[in-house]
Amino acid sequence: MSFFGFNTTLPKENMFPNEGQLEEDGIDFEETYDDLGNQLNEAGDELNDETFGVSAGSIGRDFDFSGTTAQASAQLEDEQYQINQQNIFAKPVKPASSELPQVSRLNGASQFPSREPASTAINKLSDLQPMASIWENIVPEKPAIIPPEVASLQDRLGAQPSEKVFSLQELEEQLLNSMTAPKPPSQPAIPIVPSEMAAQVTRENISSLDPAISAASIGNVTFGQPNIPSTTTDFAGLAAPNMVHPSQAIPNPVMQPSLVPQMPYPQNGMYNPSVAPPASLVNLFQQEQLIQNQNLDEKRQKLERDHMLMAQCAGLMTRSDKSFIARIQISQLMSEDPESDDFYYRVYSIIRGRKPSEEEASHFIQTYLGPSNNRRRGRRSENPMQKLQQQLQRLVSSAKERPKATQLSLEGALGKIAVNTVRTPRQLLNVKRPTEPASSNSSLNNFSGFSTKKDVLHAIEKVYDLLLDFEQALRKASTLETTDQEQIDTWKTTLSEKLESIWKALYINESLEASSKTRPPFISIISHPKGMRLLPRLFPHLSKEQQISILKVVVYNFDSLDIVLRGTFDVNGELPLDVVSEMSSFTQFIIPPLLTIVNELDLETINNLFSQLLNRTNAVYLIQTKIGLSFLTLFISRAEILKQSGTVNQNEKEEWENTFNVMFNRVKGHFSTVFPPPNARAYADESYPWEFLAACATAASSEQHFTLVSETRDRVLDNIITSKRAPSEIAVVRISNVNLFLNAMGLDARQLSA
Amino acid sequence: MESAQAVAEPLDLVRLSLDEIVYVKLRGDRELNGRLHAYDEHLNMVLGDAEEIVTIFDDEETDKDKALKTIRKHYEMLFVRGDSVILIAPPRN
């Protein structure tokens with residue numbers, strides 16, 4: 001027998017169709033209804049007393065849940081109050097947005113009694129939430145004050161809202177009364193602020209106000225005056241904090257002063273301190289403590305929040321994940337060929353006088369892994385840097401061993417997977433270049449001179465290619481192991497091979513043959529400024545014979561040089577602009593390296609070169625060009641230095657004097673043309689003609705001196721006279737130029753002017 | 001024979017003009033004359049001692065001779081972004 005008289009023995013298959021039926025026909029609700037309701041036995045109520053203990057008839061329909069809950073809530077609040085009193089200063093207030101719907105539901109009078117226990121339950125729940133601490137510094141903890149408005153209202157109402165429940169009508173009535181009626185005399189313990197002002201405070205400073213305050217006011221409002229329009233509407237629009245301190249929820253002004261500091265909150269200017277009663281020492285102390293705690297809390301909370309933010313992604317990667325990523329990153333950064341990959345950095349370091357190879361690895365680790373890595377590892381391993389370096393070396397070597405496939409095809413995959421690295425980016429085009437070395441060799445062999453300017457330019461670019469290649473091979477010296485002799489030997493062979501190909505590309509031998517009337521290829525190359533720039537770069541690597549060969553080519557084909565051919569001043573005392581720039585490049589790039597070889601030559605070679613120069617060129621023309629004069633000066637001064645050093649034998653000395661006399665006799669009568677024409681003002685104070693004259697004066701005999709002086713007399717005197725009128729810095733230059741020449745003959749400018 | 005090997009791709013021709021004066025025509029009616037110091041595959045270029053000639057057509061000007069104006073600017077060193085380059089040529093004399 002059942003309590004309700006159901007026939008529990010009803011066959012199940014009658015209630016639900018069997019499964020097969022269900023599948024086939026779906027559920028037919030007409031069939032499933034089996035008139036069970038008709039079979040209900042409504043009798044048997046006589047046992048209800050035994051079952052429920054109370055007669056069902058005595059239970060009314062006016063359920064007063066609120067009254068009972070109010071009683072229960074009072075107890076709960078007492079408990080909560082005691083708990084909160086322990087925690088009130090240590091634990092910050094936790095607002096929760098879940099309060100909002102309850103505020104908005106205020107109009108339903110039947111609902112608000114159930115609110116209080118619910119909110120306490122939420123309070124307890126929120127107390128358990130550790131995450132809530134991140135909100136703490138947004139709404140900092142502040143001393144809880146009951147807004148005077150609320151307190152006074154409650155006083156005026158003279159009600160204990162937790163115990164008495166008002167009907168909606170009652171509430172409205174009281175509200176109206178409180179707003180229209182004159183205010184009751186001020187309470188001794190609580191500062192009375194005009195209610196409009198307080199309302200303003202709550203509205204304006206709601207964000208800065210203690211959530212506890214607003215919560216308390218809400219609590220009170222919801223309890224006592226659900227229809228205060230000015231405050232509730234404002235609160236409803238805001239995320240009102242949930243926490244209701246029981247101390248505030250029970251608006252007992254007599255209890256308040258000892259619990260909560262009565263001092264108006266100092267930052268809240270709307271509360272006039274002069275109105276506030278003097279606080280007790282206890283309150284002051286509590287407040288100080290509060291502020292201290294508050295500061296400490298804020299710091300701690302900020303720290304916690306930072307940790308929290310960082311911790312959000314913590315632990316997502318395992319150790320091996322991290323090291324995998326790190327390895328990928330490092331292997332991308334570590335270069336197998338730092339000499340070319342980090343070219344500019346390396347050259348810069350060399351210029352700055354650092355040795356990049358020394359600092360390389362450790363510097364690299366510091367740069368890319370940072371000091372934190374070092375520090376963290378430092379605790380575990382004794383030499384973390386070394387350990388990491390070893391790891392890097394292993395990585396690099398393993399990367400070297402593995403053949404670098406740029407494509408990878410997986411089984412079942414459609415298409416191929418490109419494996420790109422920072423060094424080998426995805427290749428978009430695959431153009432096959434013609435194999436150059438074989439063809440260029442053949443072209444070198446049957447070389448027949450440059451026919452066009454483009455050929456010359458191409459030749460220059462080829463030399464640059466080879467030179468860069470050679471220089472890179474040269475830099476590899478730093479990565480070589482000095483102990484491995486075999487390695488060094490192969491390196492040296494490659495170097496000499498590369499140098500040999502450069503030499504071939506310069507066509508020096510072809511230029512020396514000079515059989516044809518065509519312009520020698522090397523002269524063509526060095527007639528371009530970029531070709532000239534090759535020479536100082538290349539020169540130190542060449543052998544002495546090769547250097548002399550280059551000098552010979554230049555000297556033998558001197559009149560083929562553009563700057564000599566077109567290097568004379570025109571009637572206006574001007575030079576073509578391109579010749580001027582070319583000349584300066586020549587003096588900057590070609591003459592210094594040639595000067596170094598000339599200064600190492602013996603007199604025999606000088607004689608040879610000098611006579612060749614005279615034979616192949618028109619000396620009278622030559623002395624009118626700057627470059628020609630410079631070369632003549634170069635040889636004469638070298639010969640004179642050798643002659644005066646006394647290390648040369650008599651034959652060579654005599655031969656030199658003969659050669660010089662040939663030159664002197666040829667240019668005799670033209671010595672005045674060594675100077676730029678008088679209208680070439682820009683070149684008037686250049687020293688090269690005076691240097692030439694000085695060199696000639698050193699080499700010349702006394703009769704030749706007479707010729708020199710008589711031919712250049714006008715210019716010398718002119719310089720001396722004009723220097724007296726010219727500004728001092730120009731005068732100094734002019735006098736020193738003249739003195740270059742005069743001193744070589746044992747004279748001085750001062751003697752002439754006297 | 002030699003020159004055939006010299007030009008494997010169009011940019012090789014540009015390479016021959018390195019350190020030479022080149023004429024560059026740019027979008028937006030701009031022209032440049034300058035010494036080519038460097039270039040890359042995008043035709044980004046560094047020009048030295050460059051002169052820029054900007055041609056402006058003034059459509060409010062009724063006189064046809066005055067409608068076209070040229071502005072000349074001089075730069076010691078100039079970086080030219082390649083996407084505006086129309087052509088590179090040896091200088092027009």
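Analyst: UniProt positions are given in the numbering used here, with shortened feature names, and an annotation may be inferred rather than shown by experiment. This is a predicted model, in which local features need pLDDT of at least 70 and side-chain atom pairs count only at pLDDT 80 or more, while totals for chains, interfaces and linings use all residues. Residues are numbered from 1 along each chain as its sequence is written, chains are lettered from A and ligands numbered from 1 in the order in which they are written, and side-chain values use heavy atoms, with hydrogens and water left out.

User: Which UniProt annotation covers S84(B), and where does S84(B) lie?

Analyst: The UniProt record gives "modified residue: Phosphoserine" for S84(B). Helices (H or I, at least four residues) and strands (E, at least two) are DSSP runs, numbered from the N terminus. In those terms, S84(B) is in the loop between β4 (68–80) and β5 (85–89) of chain B. A contact means heavy atoms within 4.5 Å. Leaving aside residues up to four places away in sequence, S84(B) touches K25(B), L26(B) and R27(B).

User: How many helices and strands do chain B and chain A have?

Analyst: Chain B has three helices and five strands, in the sequence order α-α-β-β-β-α-β-β. Chain A has 38 helices and two strands.

User: What share of each chain is buried?

Analyst: Buried means under 20% relative accessible area, exposed over 50%, and partly exposed in between (1.4 Å probe, protein chains only). Of the 93 residues in chain B, 32% are buried. For chain A the figure is 39% of 754 residues.

User: What accessible surface does each chain have?

Analyst: Such areas come from the Shrake-Rupley method with a 1.4 Å probe; for residues, only the protein chains shown count as cover. Chain A comes to about 44,200 Å², with 55% belonging to carbon and sulfur atoms. Chain B exposes about 6,100 Å², and carbon and sulfur atoms supply 51% of that area.

User: What share of contacts joins residues 24 or more positions apart?

Analyst: In chain B, such pairs make up 46% of the contacts with a separation of 6 or more. In chain A, 74% of contacts between residues at least 6 apart in sequence join residues at least 24 apart.

User: In which sense do the strands β1, β2 and β3 of chain B pair?

Analyst: Two strands pair if DSSP finds at least two bridges between them. Strands β1 (residues 21–26) and β2 (residues 30–39) of chain B are antiparallel over six bridges. L26(B) stands opposite R30(B) in β2(B). Three residues separate β1(B) and β2(B) in a hairpin, and G28(B) in its turn has a positive phi of about 80 degrees. β2(B) also pairs with β3(B) in the antiparallel sense, over eight bridges. R30(B) has V54(B) as its bridge partner in β3(B). This second hairpin has five residues between its strands, with L43(B) in the turn at a positive phi of about 65 degrees.

User: In strand β3 of chain B, is A50(B) buried or exposed, and what of D49(B)?

Analyst: In a regular strand, side chains alternate between the two faces of the sheet. A50(B) lies in β3 (residues 45–57) of chain B and is buried because its relative accessible area is 0%. Not counting residues up to four places away in sequence, A50(B) touches N33(B), G34(B), K73(B), H74(B), Y75(B), E76(B) and L78(B). The C-alpha atoms of A50(B) and G34(B) are 4.0 Å apart, although 16 residues separate the two along the chain. D49(B), also in strand β3 of chain B, counts as exposed because its relative accessibility is 53%. D49(B) has a positive phi of about 50 degrees and is not a glycine.

User: Where does Y507(A) lie, and why does Y507(A) count as buried?

Analyst: Y507(A) is in the loop between α24 (485–506) and α25 (508–513) of chain A. It counts as buried because its relative accessibility is 1%. Y507(A), not a glycine, has a positive phi of about 55 degrees.

User: Which residues does R734(A) touch?

Analyst: Beyond residues up to four places away in sequence, R734(A) touches D685(A), N719(A), T722(A), S723(A) and A726(A). R734(A) lies in helix α37 (residues 728–744) of chain A and is buried, with a relative accessible area of 16%.
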